[in-house]
Amino acid sequence: MGTNMGTNGAGPAAHIVWDWNGTLFHDTDAVIGATNSAFAEIGLEPITLERYRELYCVPIPRFYERLLGRMPSDAEWLVMDEAFHRHYGEHRVRCGLAEGADLLLEGWQAAGHSQSILSMFGHDELIPLVRGFGIETRFVRVDGRTGPSGGSKSAHMVRHLAALRRVDPARTVVIGDAADDAVAARDAGAHAVLYTGGSHSRSSLEAAGAPVVDTLAEAVEAAAELARGGVVA
C-alpha cells in the first residue's frame, strides 16, 4: 500500500505521523470550494468554513447526514463523492504547504527523528503531490488511501505503523486536523496532537482529548514532549 521514501528510522527515535490534507497541505479553501461546487450540483445551499468545521466528521457520509438531516442513499453518496473529488482537483492547484511546514520537516529530520505521512487522500494522487513539493526525502514512508473513500483512519494507522521498522508507537505522535486522527492514534497505541488550521473547529478537536494547537510549530513542540514521555495514556 505505502511508498517508502527513504530508509526506515534507525533505533527507537521519536516519530511523527503527519496527516496531509488540512495539515501539511493547506487546502482548506479548496475543500470548501469543492464542497460548495458539489452541493450546487445536487441543490444544496453553500456552506461557510465555520459551518463546515462545526459539522465535519468521519466517516464522510455521516457529515452529509448532518447536512441533509438524513443519511444519504448509496446513489446520492456516489454522486456527491464523485462531484467533490472532481471539483477538488480543480481547486487544489492553487494550494500549497502550510506556512513553515517545509522548515519544520527539515528540522525534525535534522534532529535525528523520523516522520511519515498517512492520509485518506488517494495514494496515486498523494505521491506526486508530495514529490512535487520537493519534500519526499523528509519521510520514511508515505501512505495514501487505496480503497473506497469515506472510511475510518484507525485500521490504516495500525497498518502504517506496523510497516515501519524501529518505530515504537509509544514514541510516535500523530499530527492532524481532525478528531479522527486522535482516534486512529489511540487505536494504534500512539499519541496525537490536533491542529486547528484544517477541517475541525477547536471545540470539536478539544472533545477528542488530545492536545490542541493553532500552529504546526506548536504541534511539533508538543510532539517532541509527548514522544519524550513515551507512555500513552
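Biologist: In what order do the six strands of the open sheet stand?

Modeller: In this predicted model, six strands form an open sheet, and their pairing is parallel. Read across the sheet, the order is E5-E4-E1-E6-E7-E8.

Biologist: Which strands stand at the edges of the sheet?

Modeller: An edge strand here has a single partner strand, so one side of it is left without a neighbour in the sheet. This applies to residues 141-145 and to residues 212-213, which are strands E5 and E8.

Biologist: Which residue of E7 is the bridge partner of Ile 175?

Modeller: Strand E6 spans residues 172-176 and strand E7 spans residues 191-195. The two pair in the parallel sense over four bridges. For Ile 175, the bridge partner in E7 is Val 193.

Biologist: Which helix packs on the sheet, touching E6 and E7?

Modeller: The helix concerned covers residues 179-187. Its direction makes about 175 degrees with that of E7. This is helix H8.

Biologist: Are helices H5 and H10 roughly parallel or roughly antiparallel to each other?

Modeller: Helix H5 comprises residues 101-110 and helix H10 residues 216-229, with their axes 10 Å apart. They pack at an angle of about 20 degrees. Angles under 35 degrees count as roughly parallel. The relation of H5 to H10 is therefore roughly parallel.

Biologist: How do the residues of the contact of H5 with H10 divide into nonpolar, polar and charged?

Modeller: H5 passes H10 in a right-handed crossing. H5 contributes Ala 101, Leu 104 and Trp 108 to the contact, while H10 contributes Leu 216, Ala 217, Val 220 and Ala 224. None of these residues is polar or charged; the division gives seven nonpolar.

Definitions and conventions: Residues are numbered from 1 along each chain as its sequence is written. This is a predicted model: local features need pLDDT of at least 70, side-chain atom pairs count only at pLDDT 80 or more; totals for chains, interfaces and linings use all residues. Side-chain values use heavy atoms; hydrogens and water are left out. Axes are lines fitted to C-alpha atoms, for helices over the stretch in contact, and angles run from 0 to 180 degrees between N-to-C directions. Angles under 35 degrees count as roughly parallel, over 145 as roughly antiparallel, 65 to 115 as roughly perpendicular and the rest as oblique. A crossing is left-handed if the near helix is turned anticlockwise from the far one by less than a right angle, and right-handed if clockwise. Contact means heavy atoms within 4.5 Å. Ala, Val, Leu, Ile, Met, Phe, Trp, Tyr, Cys and Pro count as nonpolar, Asp, Glu, Lys and Arg as charged, and the others, Gly among them, as polar. Two strands pair if DSSP finds at least two bridges between them.
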